[in-house]
Amino acid sequence: MKMLFCSVGRRAKLLQNLKDFNPDAEILATDCSKYAPALYSADKFFLSPRIDDPSYLSYILELCKDNSVQAITTLIDSEIEILSANREKLINYGVLPLCPSYETAKLCFDKFEMYKFLTERNINTVLTYDSLDDFKSGLSDNKINFPVFIKPKTGSASVGAEKIHKLTQLEDRINSHEDNYFIIQELMDGEDIDVDVYVDCISNKAVSAFSKKKIETKIGGASKTISFKDEALFDVIKSIIPHFEFYGPIDIDFFYKDGQYFLSEINPRFGGAYLHAYGAGVNFYELIQNNINNTENSEAFGNYDEGVVMMMYDDVVIKHSSEIA
């Protein structure tokens, strides 16, 4: 099993978990910074161009070819579309791309397009506006009230996200950026839910899920979570996935309010809190290995205990400067 993790950043534990599962796996990692800590949890690490460099794709393709890579994923949202747009090229190199189709990738990265897509298909989601005028109309019609939540239309890691309490504050924030920079959303006061889902790369069906309630969130991701199981949630996930073209691990955020689940966002990559799922026995690496070997995974939902708590903490990598990438 040879797997390439692109733009690994700080996510060293994710790579270490793969090695725990399969000590014989060969892990390759790239990042544009030689000070990305996760590079040093890989068997081979490479200092890559930035993802916006015109040479980036050819660099990754050659890396896959020269190292007989069998599967590839990225750990940052902004790279997903690059891999998705080149799925066929990667497949032709014998590489399994753990990324969605290009159309699905674009939907996941544009929060208002995703909102429209979901509402057109009667999938519960968070009420969202992409303009101040439309929001004011909704406000006057009592469809939405303050406080509200704003965030960049194509942002990630909660950068720029903010709770807004009154119209003058909202107008100030909206007018400080170009048109359609922000979306404006109903403030959801229900439970904040995160689900790691594996979509089989052969059947395109959701075959595994690990659901958890967020206890604490830091830097845009869940840092403390507790596992739970709900067949109704699993059924919602199974009904949603066929509307998209996902392959491999994805991370779905829901809100639970008034007895219903409301889809908030889908990140088509390993979620930042997948570590909880792995620690509780939900092993996506085994499912990836099966798909690499052209074996379809069977559906297995809920194969974990409820009440398992994850508590993240910081760690460090210490290297001599001669060992830096």
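This tour moves through a predicted model, beginning with its aromatic rings and then turning to a sheet, the nonpolar cores and a single strand residue.

**Aromatic rings around Tyr274**

A pair of aromatic rings is described by the distance of the centres and the angle of the planes. Counted over the model, there are 17 aromatic pairs. Select Tyr274 and Phe284 to begin with: their ring centres lie 4.9 Å apart and their planes meet at 25°, and because planes under 30 degrees apart count as stacked, this pair is stacked. The two residues belong to distant parts of the chain, with Tyr274 in helix H10 (residues 274-279) and Phe284 in helix H11 (residues 284-292), ten residues apart. Tyr274 is buried at 1% relative accessibility, and Phe284 is buried as well, with a relative accessible area of 1%.

Keep Tyr274 selected and add Tyr285, whose ring centre is 6.2 Å from that of Tyr274; the planes stand at 90°, so the pair is edge-to-face. This pair, too, links distant parts of the chain, from Tyr274 in helix H10 to Tyr285 in helix H11, eleven residues apart. Tyr285 is buried, its relative accessible area being 0%. To see the wider setting, add Tyr198, Phe270 and Tyr278, which together with Tyr274, Phe284 and Tyr285 form one aromatic cluster.

**Two charges over rings**

Next, select Arg87 and Tyr247, where the charged end of Arg87 sits over the tyrosine ring, 3.8 Å from its centre. A second arrangement of this kind is found at Arg121, whose charged end sits over the ring of Phe117 at 3.6 Å from the ring centre.

**The six-stranded sheet**

Switch to a cartoon view and colour the strands in the order S14-S13-S10-S11-S12-S15, which is the order of the six strands in an open sheet with antiparallel pairing. Strand S14 (260-267) and strand S15 (309-311) stand at the edges, and each has a single partner strand, so one side of each is left without a neighbour in the sheet. From one strand to the next, the twist averages 35°.

Within this sheet, select strand S11 (residues 206-218) together with strand S12 (residues 221-228), which pair in the antiparallel sense over seven bridges. Ser211 can serve as a marker here, since it stands opposite Phe228 in S12. Now bring back helix H11, which packs on the sheet and touches strand S10 (191-199), S11 and strand S13 (248-257); the direction of H11 makes about 25° with that of S10.

**The nonpolar cores**

In soluble globular proteins, nonpolar side chains tend to be buried together. The largest nonpolar core in this model has 64 residues, of which Phe5, Phe254, Phe270 and Ile288 touch the most other members. Phe270 is a useful residue to centre on: leaving out residues up to four places away in sequence, Phe270 touches Met3, Phe5, Arg11, Leu14, Leu75, Pro249, Phe284, Tyr285 and Ile288. Another core, of 14 residues, lies apart from the largest one, and its members include Leu4, Leu61, Leu63 and Ile72.

**Phe149 in strand S7**

Finish at Phe149, which lies in strand S7 (residues 148-152). Is Phe149 buried, partly exposed or exposed? At 27% relative accessibility, Phe149 counts as partly exposed. With neighbours within four places in sequence set aside, Phe149 is in contact with Ala161, Glu162, Lys163, Ile183, Ile184, Gln185 and Leu187. For a last distance, select the C-alpha atoms of Phe149 and His165, which are 8.8 Å apart in space although the residues are 16 apart in sequence.

Note on methods:
Residues numbered from 1 in each chain as written. Predicted model: local features only at pLDDT ≥ 70, side-chain atom pairs only at ≥ 80, totals over all residues. Heavy atoms only, no water. Phe/Tyr/Trp six-rings, centres within 6.5 Å; stacked < 30°, edge-to-face > 60°. Helix = DSSP H or I, 4+ residues; strand = E, 2+ residues; numbered from the N terminus. Buried < 20%, exposed > 50% of the residue type's maximum accessible area, 1.4 Å probe, protein only. Lys NZ or Arg CZ within 6 Å of the ring centre and 35° of its normal. Pairing = 2+ DSSP bridges. Axes fitted to C-alpha atoms, helices over the stretch in contact; angles between N-to-C directions. Contact = heavy atoms within 4.5 Å. Core = buried A, V, L, I, M, F, W, Y, C linked by side-chain atoms within 4.5 Å.
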